[in-house]
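The exercises below are meant to be worked with the sequence and the coordinates open side by side. Each one sets a task and then goes through a solution step by step.

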Amino acid sequence: MTESDPPILLETGFYRLVEGRHGRFLINPRDTVIGRSLAVYGEYSEEECVVLCQILAPGGVAIEVGTNIGALTVPLAHHLGPDGLLYAMEPQPLIFQQLAANLALNDLVNVAAMNMAIGRESAWIGMARLDPEIEINSGGVPLDQISSQGEMVRVQIARLDDVIDPPRLDLIKIDVEGMELDVLEGGAALIQRFRPVLYLECNQSASEILIPKLAELGYKAWWHVPPLFNPENHAGRAEDVFPNTYSFNLLCFPEENAPKVEGLEPVAGPSDHPIRWSGGGAARDALEGGEAHHPLP
């Protein structure tokens, strides 16, 4: 593969329009993770995308809670096709604008995009108003983080059970910076009704509350720990600008319909987390010294 920069189609103001593996993306190059990955490699967390597309069949229905600018939303929507449906939730207004732009740029009409947060109850809260001129990991901003200038924006929080009534439901993907338990509790009726596959971020501080909750819901879980750098990236770049950086995710199937999962470590218990692993197999050895995609507390 020849090394090259992802084509820049437009550059103006804060943003850059690039051509990537899965389509066109309006990015902010100052975004230190998702924006940077798309700017350098023309893709973001490709291993995660591959796994999710293996789970979902064309024509399926999925929910993505915490979409950011749609780096995974776009390929998932393409994969689901015109007969599929993807609900996409993103609370940050500025980031939601980019998400909406990326859906339009890729001619995607099978995505129901919602500018809201998802939690265990309905409410309004204040969160940081992002400054597009500063470097920041926009995907790592908790809802209650206050900006250095004290500027806040009101954000609606709703329960999944209150805002979605899908015809079917095959997958719920959750990446919400510590609010994963809130999402599960606010969507408990949907989960019990449809028994979808669950795929959620689980940093070390959350494992002792999330893992028991998943067991309570009747799910078996496996660790999926994709590196942020893909050696076979779209731009053909050999340099890893995210050294030793991984996402820590739980792939969960309902106990009554759990398949045989090969190549992933089963969750051993509430205190189990890849950041604590040492030895015991190639997957664990590869993670020694690794860092989380989002900084751990």
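**Exercise 1. Locate T73, decide whether it is buried or exposed, and list its contacts.**

Step 1. T73 belongs to helix α3, in what is a predicted model.

Step 2. The relative accessibility of T73 is 0%, and because buried means under 20%, T73 counts as buried.

Step 3. Once neighbours within four places in sequence are set aside, T73 is in contact with E64, T67, L86, A88, L99, L103 and V111. With one of these residues, E64, the side chain of T73 makes a polar contact of 2.6 Å.

Step 4. The contact list can be read from the other end as well: V111, with its neighbours within four places in sequence left aside, touches T73, A77, L86, A88 and L103.

**Exercise 2. Identify the residues with the most contacts inside the largest nonpolar core, and the elements that contribute to this core.**

Step 1. The largest nonpolar core has 42 residues, and those with the most contacts inside it are I27, I34, L38, Y44, L86, V111 and L171.

Step 2. Two or more residues of this core come from each of β3, α1, α2 (46–55), α3 (73–80), β5 (85–89), α4 (93–105), β11 (197–201) and β14 (249–254). The element that gives the most is α1, with five residues.

Step 3. A second core, separate from this one, has 39 residues, among them M114, L184, L200 and L214.

**Exercise 3. Explain why helix α1 can be called largely enclosed by the rest of the structure.**

Step 1. The buried residues of α1 are I34, G35, S37, L38, A39, V40 and Y41.

Step 2. These amount to seven of the eight residues of the helix, which spans residues 34–41, and α1 is therefore largely enclosed by the rest of the structure.

Step 3. The cover over the buried residues of α1 includes β2 (15–20) and β3 (23–27).

**Exercise 4. Describe the aromatic pairs F14–Y15 and Y41–F242, giving the geometry and the burial of the residues in each.**

Step 1. Over the whole structure, a search finds four aromatic pairs. In one of them, F14 and Y15 meet edge-to-face, with 6.0 Å from centre to centre and 90° between the planes.

Step 2. The two partners fall in separate accessibility classes: F14 is partly exposed because its relative accessibility is 32%, whereas Y15, at 18%, counts as buried.

Step 3. The ring centres of Y41 and F242 are 6.4 Å apart and the planes stand at 55°, so this pair is tilted. Since Y41 is in helix α1 and F242 is in the loop between β12 (219–224) and β13 (245–246), the pair ties together parts that are 201 residues apart in sequence.

Step 4. Both Y41 and F242 are buried, and together with F229 they form one aromatic cluster. The ring of F242 also has the charged end of R36 sitting over it, 5.7 Å from the ring centre.

**Exercise 5. Find where G42, S45 and N244 lie and which phi value each one takes.**

Step 1. As background, most residues other than glycine have a negative phi.

Step 2. G42, just after α1, takes a positive phi of about 75°.

Step 3. S45, in the loop between α1 and α2, is not a glycine, yet its phi is positive, near 45°. With a relative accessible area of 2%, S45 is buried.

Step 4. N244, which is not a glycine either, has a positive phi of about 60° and lies in the loop between β12 and β13. Because its relative accessibility is 36%, N244 counts as partly exposed.

**Exercise 6. Work out the strand order of the open sheet of three strands, and which strands stand at its edges.**

Step 1. The order in this open sheet is β7-β9-β8, and the pairing is mixed.

Step 2. The edges are taken by β7 (117–118) and β8 (123–128), each of which has a single partner strand, so one side of each is left without a neighbour in the sheet.

Step 3. Between β8 and β9 (residues 152–158), which run antiparallel, there are six bridges. In register terms, I125 stands opposite V155 of β9.

Key:
Residues are numbered from 1 along each chain as its sequence is written. This is a predicted model: local features need pLDDT of at least 70, side-chain atom pairs count only at pLDDT 80 or more; totals for chains, interfaces and linings use all residues. Side-chain values use heavy atoms; hydrogens and water are left out. Buried means under 20% relative accessible area, exposed over 50%, partly exposed in between (1.4 Å probe, protein chains only). Helices (H or I, at least four residues) and strands (E, at least two) are DSSP runs, numbered from the N terminus. Contact means heavy atoms within 4.5 Å. A nonpolar core is a set of buried Ala, Val, Leu, Ile, Met, Phe, Trp, Tyr and Cys residues joined through side-chain atoms within 4.5 Å. Rings of Phe, Tyr and Trp (its six-membered ring) pair if their centres lie within 6.5 Å; planes under 30 degrees apart count as stacked, over 60 as edge-to-face and the rest as tilted. A charge sits over a ring if NZ of Lys or CZ of Arg is within 6 Å of the ring centre and within 35 degrees of the ring normal. A polar contact is a pair of N or O atoms within 3.5 Å; within protein, one must be able to donate a hydrogen and the other to accept it, and residues adjacent in sequence count only if both atoms are side-chain atoms. Two strands pair if DSSP finds at least two bridges between them.
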